[in-house]
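Trainee: I've just opened this one and don't know where to begin. Could you walk me through it?

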Amino acid sequence: MSVFDLFSIGIGPSSSHTVGPMRATNRFVAELIDEGVFESVDRVHIDLYGSLAATGAGHGTMSAALKGLCGFVPETISIADADLMMERNQVDGTLPLAGFSSATYEKGAPSRDQGLVEGPVVNYKESDMTLRPLTILPRHTNGIKVAAFAGEKVLLERTYFSIGGGFIIEENEEAASGGGLDHAPYPFGSAEEMVDMANSNGLTIAQLKMENEKSERSEQEVREGILAIRQVMRECIGSSLSRVGYLPGNLKVRCRAGQWHRDLMEEDSGKSMEMATDWVNLIALAVNEENAFGGRVVTAPTNGAAGIIPAVLHYALNYVPSVRSHGQKAQDDAIVDFFLAASAVGALYKKRASISGAEVGCQGEVGTASSMAAAGLAQVMGGTVEQVENAAEIAMEHNLGLTCDPVGGLVQIPCIERNAMAATKAINAVRIALRGDGQHRVSLDQVIETMRQTGEDMSNRYKETSMGGLAVNVVEC
């Protein structure tokens with residue numbers, strides 16, 4: 001799995017409940033075009049199942065699904081244009097399905113950037129969708145069924161599953177749609193294989209991952225792509241710091257990042273080590289507040305956990321002596337190594353367990369991000385292959401059992417502060433790992449399997465359904 005599969009640009013507030021449904025309905029439009037029935041459509045219908053139905057309102061699932069039908073995709077969406085489209089839809093109920101000329105259409109991913117032409121306009125609103133929160137389809141709890149009609153005739157019907165991190169899979173597909181590294185020279189399916197391959201070839205985890213990435217792109221393209229992702233993270237933080245007032249929804253959660261930033265600039269303009277945790281907390285909160293607003297974020301590896309890796313990367317760039325004072329080249333090298341090591345570990349969670357809160361609880365989102373961040377920081381701080389693996393293991397070990405119980409179905413409480421807590425856990429995991437020699441009793445593979453089993457045993461009330469935990473014990477105001 002490529003670093004660019006695990007770190008993709010999207011919009012908030014949820015990779016599984018916003019980004020995934022948008023990609024699913026966008027893909028449905030592509031399939032309508034492929035089947036040659038697009039122009040005949042005069043009616044559409046969407047059914048949402050399981051967690052998508054239970055917490056979809058708070059996650060923007062319904063509007064995301066409509067935007068996907070209109071040709072918007074998370075990577076390139078104009079939030080202003082999409083909001084205008086939704087405002088019109090709420091007034092007159094019309095929904096302009098995306099249509100594209102054959103010269104500009106790219107199979108599987110239509111978008112407005114590819115040359116919008118006149119297409120069918122149907123009457124369909126969010127309130128017309130059928131919600132089935134108690135129906136769990138066999139493949140995954142995040143199910144979405146889309147159908148297109150000409151009169152009473154079904155032109156096309158597809159069922160998709162949003163399996164976490166923005167990844168989608170169709171009902172009969174074996175693997176999620178995405179890039180992947182089919183010709184990687186060092187394919188590893190476990191942490192043990194990853195460690196053995198790195199050591200036997202004299203490579204760090206980051207170098208091993210770079211060699212695999214180079215099977216699809218040049219090293220320069222990989223570096224530029226990673227640095228571009230980092231820049232989107234920076235822009236996300238900057239946008240968040242300018243916001244005031246309250247986050248969207250009925251919880252009346254106050255925006256804190258902007259004021260915290262102004263306070264910290266007065267208290268600690270020199271970035272002293274004593275204030276490091278405060279800055280890490282700030283970055284995590286800023287990213288997740290922007291996510292709550294539906295802004296542009298980087299899934300890392302999900303939106304609900306998007307603040308952890310930027311926060312720990314901030315620590316790496318500002319508080320690791322070998323990086324902080326050695327110029328832009330050292331900073332860029334650290335960013336690239338951080339993302340490569342983090343994605344190597346993240347791919348293991350995606351392959352061997354899950355990164356979906358609706359499937360395994362928040363341990364699969366925040367826990368995975370904390371583990372990935374620990375691996376990245378340990379790599380930047382010069383950890384051995386074994387120490388990088390150990391840091392990733394420690395971080396997840398102390399996020400095991402974490403439930404996903406968002407209040408009101410919104411990615412706000414406890415999600416935002418949870419990112420800050422998990423970021424500091426990642427940093428402490430690295431400090432513990434680097435004090436040792438890399439030898440440890442619990443392996444990363446064992447902790448990943450434990451997370452999978454724990455998620456399987458966890459009651460559905462604690463897996464992004466808002467039926468248990470804080471979601472029922474905190475009264476909405």
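**A first walk through the chain**

Mentor: Let's start with contacts in this predicted model. Of the contacts in the chain with a separation of 6 or more, those between residues 24 or more positions apart account for 77%.

Trainee: How many helices and strands does the chain have?
Mentor: Both kinds of element are present, so let's just read off the tally. The chain has 11 strands and 19 helices.

Trainee: Why is the chain said to be as compact as a globular protein of that length?
Mentor: For 477 residues the globule rule gives 23 Å. The chain comes close to that, so it is as compact as a globular protein of that length, and its radius of gyration is 22 Å.

Trainee: What box do the C-alpha atoms of the chain fill?
Mentor: Take the box along the principal axes. The C-alpha atoms then fill roughly 70 × 50 × 45 Å.

Trainee: What share of the accessible surface belongs to carbon and sulfur atoms?
Mentor: Two figures go together here. Of the 477 residues, 59% count as buried. The accessible surface of the chain comes to about 18800 Å², and the share belonging to carbon and sulfur atoms is 48%.

Trainee: How far apart are the mean positions of the positive and negative charges?
Mentor: The chain has 39 positive and 60 negative charges. Take the mean position of each set, and the two are separated by 3 Å.

Trainee: Which domain does UniProt list for residues 201–471?
Mentor: That span is 63% helix and 1% strand, and its end C-alpha atoms lie 49 Å apart. The name comes from an unreviewed UniProt entry, which lists the span as "domain: Serine dehydratase-like alpha subunit".

Trainee: Is Lys-67 buried or exposed?
Mentor: Lys-67 lies in helix α4, residues 61–69. Among the residues that Lys-67 touches are Met-22, Phe-72, Ile-77 and Asp-83. The relative accessible area of Lys-67 is 11%, and the cut-off for burial is under 20%, so Lys-67 is buried.

Trainee: And Arg-158, which class does its relative accessibility put it in?
Mentor: Arg-158 lies in strand β9, residues 153–162. Its contacts include Phe-28, Glu-31, Glu-35 and Glu-170. The middle class runs between 20% and 50%, and Arg-158 has 21% relative accessibility, so it counts as partly exposed.

Trainee: How far apart in space are Arg-158 and Leu-208?
Mentor: Along the sequence, Arg-158 and Leu-208 are 50 residues apart. In space, C-alpha to C-alpha, the gap is 38 Å.

Trainee: Which residues are joined by cis peptide bonds?
Mentor: Most peptide bonds are trans. One cis bond here has omega of about -5 degrees and leads into Pro-301, which sits in the loop between β11 (296–299) and α11 (308–319). Another has omega of about 5 degrees and involves Pro-414, in the loop between α16 (385–397) and α17 (415–435). The joined residues are Ala-300 and Pro-301, and Ile-413 and Pro-414.

Trainee: Is Gly-304 buried or exposed?
Mentor: Gly-304 is in the loop between β11 and α11. Leaving aside neighbours within four places in sequence, its contacts include Asn-288, Glu-365, Val-411 and Cys-415. With a relative accessible area of 13%, under the 20% cut-off, Gly-304 is buried.

Trainee: In which loop is Glu-464, with its positive phi?
Mentor: Most residues other than glycine have a negative phi. Glu-464 has phi near 60 degrees, and Ser-466 also has phi near 60 degrees. Glu-464 is buried, with a relative accessible area of 4%. Its place is in the loop between α18 and α19, and Ser-466 is in the loop between α18 and α19.

Trainee: Which residues does Met-467 touch, not counting those up to four places away in sequence?
Mentor: Met-467 is in the loop between α18 (444–457) and α19 (470–473). With a relative accessible area of 36%, Met-467 is partly exposed. Its C-alpha is 31 Å from that of Phe-28, which is 439 residues away in sequence. The residues Met-467 touches are Leu-134, Arg-461 and Val-472.

Note on methods:
Residues are numbered from 1 along each chain as its sequence is written. This is a predicted model: local features need pLDDT of at least 70, side-chain atom pairs count only at pLDDT 80 or more; totals for chains, interfaces and linings use all residues. Side-chain values use heavy atoms; hydrogens and water are left out. UniProt positions are given in the numbering used here, feature names are shortened, and annotations may be inferred rather than shown by experiment. Helices (H or I, at least four residues) and strands (E, at least two) are DSSP runs, numbered from the N terminus. The radius of gyration is taken over C-alpha atoms; the globule rule is 2.2 Å times the number of residues to the power 0.38. Buried means under 20% relative accessible area, exposed over 50%, partly exposed in between (1.4 Å probe, protein chains only). Contact means heavy atoms within 4.5 Å. Accessible areas come from the Shrake-Rupley method with a 1.4 Å probe; for residues, only the protein chains shown count as cover. Lys and Arg count as positive and Asp and Glu as negative; His and the chain ends are not counted. The place of a charge is taken as NZ of Lys, CZ of Arg, CG of Asp or CD of Glu.
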